[in-house]
Every structure is written in C-alpha cells, then in structure tokens.
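Visitor: Could you take me through a close look at the salt bridges of this model, pair by pair, and at how accessible their partners are?

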Amino acid sequence: MEKKIKKLVLPCCIAFCIVYVFVAVYPLSKEIQFEPVWTVDATRVTKFDEDTDMDKLYENAIPFKMGQTAGYFTNDGQILNLVPFPYKATVAPANYAIFGMNAKNTPLYNPKGEKIGEIANSGFPFFDGNRRFLFLPGGSSFASLGETGEINWDYEYFAPITAFSSSLDGTVAGFADGVIVSFTPDGQVDQRFTPGGSEFPVILGVGISDSGNYIASVSGQNEQRFIIAKKIDGHTSVIFHKFLETPVNGQVLVKFSKNENFVYFGCKEKLGVVDCKSLRSAEIPVSGSIISIKESDSDGTIFVLSKKDGTYSVSVIEPFAVFAGTFSFNAESAFIGVKGNSLFVGRDSKISRIDIHHR
C-alpha cells in the first residue's frame, strides 16, 4: 500500500505543476492608479499672449466654485476667469450667475464674463450642466430657463420643494408632502407618484436617469426608504425598495450612472449602490456626509467627495460596488470635477489634476 502511494506522489506533483503554470499566467485584473499631473494657484488668472486663441480655450473650459469664488480653468491648468461673489453663485460650462438674498433681474454671463442675458423674475437660479432653472419665491415652484434667462416653462405646487435633479432628458422634483413629479424637457408632467412607507413622507433626495425612464429617491422619517421607480408602458412601477438601517437628517444626493446601470445615493457615513438591472444592492463606507458624486467620462469610475468636520475625503468606486481607494485633506472649502480620465480636486486656493489609469 505504501509503495502504491509513493508511486502516485510524482504524477500528482507533475499534474499540479502543469495546472499551476496555466493558472499563474492568467492575466491579473487591472488596478486603478493615480498620477498627479499639476497643481496651480486658483487665485490668479493666467496671463496669455496677445495671439492666444481664447475662444478655443473657453470652448473646453472647466467650471468650478470653491468658497466665495467661481471661475473656469483649462485641462492643462490655466486659470481663465475668476469671479468672487459675496452671497451665492451658480456656475456651469456655458454660463454663470451671481445673486444676492433678494435675487431679481439677475444678469447671466458666459464663461468670459460677458453678459448674455438677464433673469428678470425673482428667485434663486440653479444651473445643472447646461440646464438652467429658477427656484421661485415661496419655495414651492420653479421654472426652466432659456439660454438668455427667459422662462421656457414653470411648475407651481403648494408644498415646499425639498429635492431636485435633472438629466439629459428629464427633470424631477420632490416635495415636503412626499410627492415626486418628473417632467419632459418641454415641461410636460411625465410621472407623478408618492413613494410612501414612512410616518413622515418628505422627499430628502431624488435623481432621474438620462433617458428619464428611471427615478430614485430617499424619503421619509420613521422609517426612511430608498426606492427605484421605472416608467413601464406609460405607468410608474417601483422595481426596488429598501428601508435604511441608519436614517439621515437632511438632504442627500441621488445620482444615476450615465449608462443607467447603477444608481448611487447618500446614507449615513455610507454610499448606497444599486444595480438597476439585477437589483443587487451594496453599501460602501465613506467618511462624513457626501457633498458631490462625479463619474469618469471613460470607464464609469465614480468619485465621491465627502466631508467630516474639517476633513474632506475623495473615495473612488468602480462598478458595481468595488472600493478602489480614498485620500483625505484638510480644507475650508473643496470641489471635485471630472473630464476624460482626469480628476480635478480643488482645496481652498489650489486646484490639482490627477490622471486615472488602469494598469
């Protein structure tokens, strides 16, 4: 018996070595790597030669708002325009606006600082990408604005707006009474429903996908609920819901990925993620409250800016819910932006570019 076992040892070892060789040469999954490219002083406008094509630079300018300063910079770190503001400002790739507590006749500027229109009505402007809105006095109504500040359409309600979001093909508002209303780009009411499931039904966060077919929200107190609703044959159906273990106090971000495969939402010290196709869900720990969620233009990587006390953190999430890393810094104010495979991080008076590679 012992001789038979000894005879089997050598063939087994040889077989193991052969299998190991084939397994070992299988390529490993690529890891995300950060490459610092530049850091610039965000308080000084770059000086340009007289023959510089400024129009071309402004075409691809990246907007930012940090502390009490808004402005635009280029991919290679040139500061094109700086606009200090005493109270509030909203900034987007195509234009910006500065306004006070009693906002009325608010000028509308292009990135160069040239006035291109005026928002004659009273209210607080809000720009989301190249979509412009005005929250009207009273807090329960809003308007969609044209390129020069004129009102395209508006919507009046009786309960205060507590959550708001827009996408390429839709706009959605959530109200204090627990109602969610979505709109087509021309202002037609597309969906209207109440998530329910809570003693106090207030909508704390809402998001809409680029096609307008999906809506997600965080709502309620006692209990707090996250849902995904989908437009099916002209009707709204809730396809996913869960009660949050630890409720949040205040507004939260809800954001769909560009391909509509995933939706991300703020939880207490966590980022919630749901796969809209398989309806799998996960929660990823983050430090503090989530301020901003940005998606890479190239591979769907998600960057999350959060804040706890005086410390900001940037967390990197790869699909579906893979935590790829984080870094933190102390600052009075901060922002993140994404263009191509580059992450831009602003902190107080500095802006840095970090390129993202998968190797």
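**Salt bridges and their surroundings**

Guide: Asp190 counts as partly exposed, because its relative accessibility is 27%, and the label rests on the band between the 20% below which a residue is buried and the 50% above which a residue is exposed. This is a predicted model, and the values that follow are computed from it. The side chain of Asp190 meets that of Lys231 in a salt bridge, with 3.0 Å from N to O. This pair links distant parts of the chain, since Asp190 belongs to strand β16 (residues 189-193) and Lys231 to strand β19 (residues 225-232), with the two positions 41 residues apart in the numbering. Lys231 is likewise assigned to the partly exposed class, because its relative accessible area is 25%.

A second pair is made by Lys258 and Asp297, whose closest N and O atoms are 2.7 Å apart. Here the partners lie in loops: Lys258 in the one between β21 (254-256) and β22 (262-267), and Asp297 in the one between β25 (289-295) and β26 (302-308), so the salt bridge ties together parts that are 39 residues apart in sequence. Lys258 is partly exposed, with a relative accessible area of 43%, and Asp297 is partly exposed as well, at 44%.

A third pair joins Glu118 to Lys115, where the closest N and O atoms are 3.4 Å apart. Its two partners fall into separate classes of accessibility: Glu118 counts as partly exposed because its relative accessibility is 34%, whereas Lys115 is exposed because its relative accessible area is 51%, the cut-off for that class being over 50%.

Beyond these pairs, Lys242, Lys270 and Glu283 are linked in a network of salt bridges. The structure as a whole holds 11 salt bridges, among them the pairs Asp190 with Lys231, Lys258 with Asp297 and Glu118 with Lys115. As a general point, side chains of opposite charge can pair when their charged atoms come close.

For a view of the surface without charges, one may turn to Tyr87, Met101 and Phe124, which form a nonpolar patch with about 290 Å² of accessible area together. Of these residues, Phe124 is found in strand β9, which covers residues 124-128, and Phe124 counts as partly exposed because its relative accessibility is 34%.

Technical notes: Residues are numbered from 1 along each chain as its sequence is written. This is a predicted model: local features need pLDDT of at least 70, side-chain atom pairs count only at pLDDT 80 or more; totals for chains, interfaces and linings use all residues. Side-chain values use heavy atoms; hydrogens and water are left out. Patches are made of residues with over 30% relative accessible area and no salt bridge: like charges are joined within 9 Å, nonpolar side chains (Val, Leu, Ile, Met, Phe, Trp, Tyr) within 5 Å. Accessible areas come from the Shrake-Rupley method with a 1.4 Å probe; for residues, only the protein chains shown count as cover. A salt bridge is a side-chain nitrogen of Lys or Arg within 4 Å of a carboxyl oxygen of Asp or Glu. Helices (H or I, at least four residues) and strands (E, at least two) are DSSP runs, numbered from the N terminus. Buried means under 20% relative accessible area, exposed over 50%, partly exposed in between (1.4 Å probe, protein chains only).
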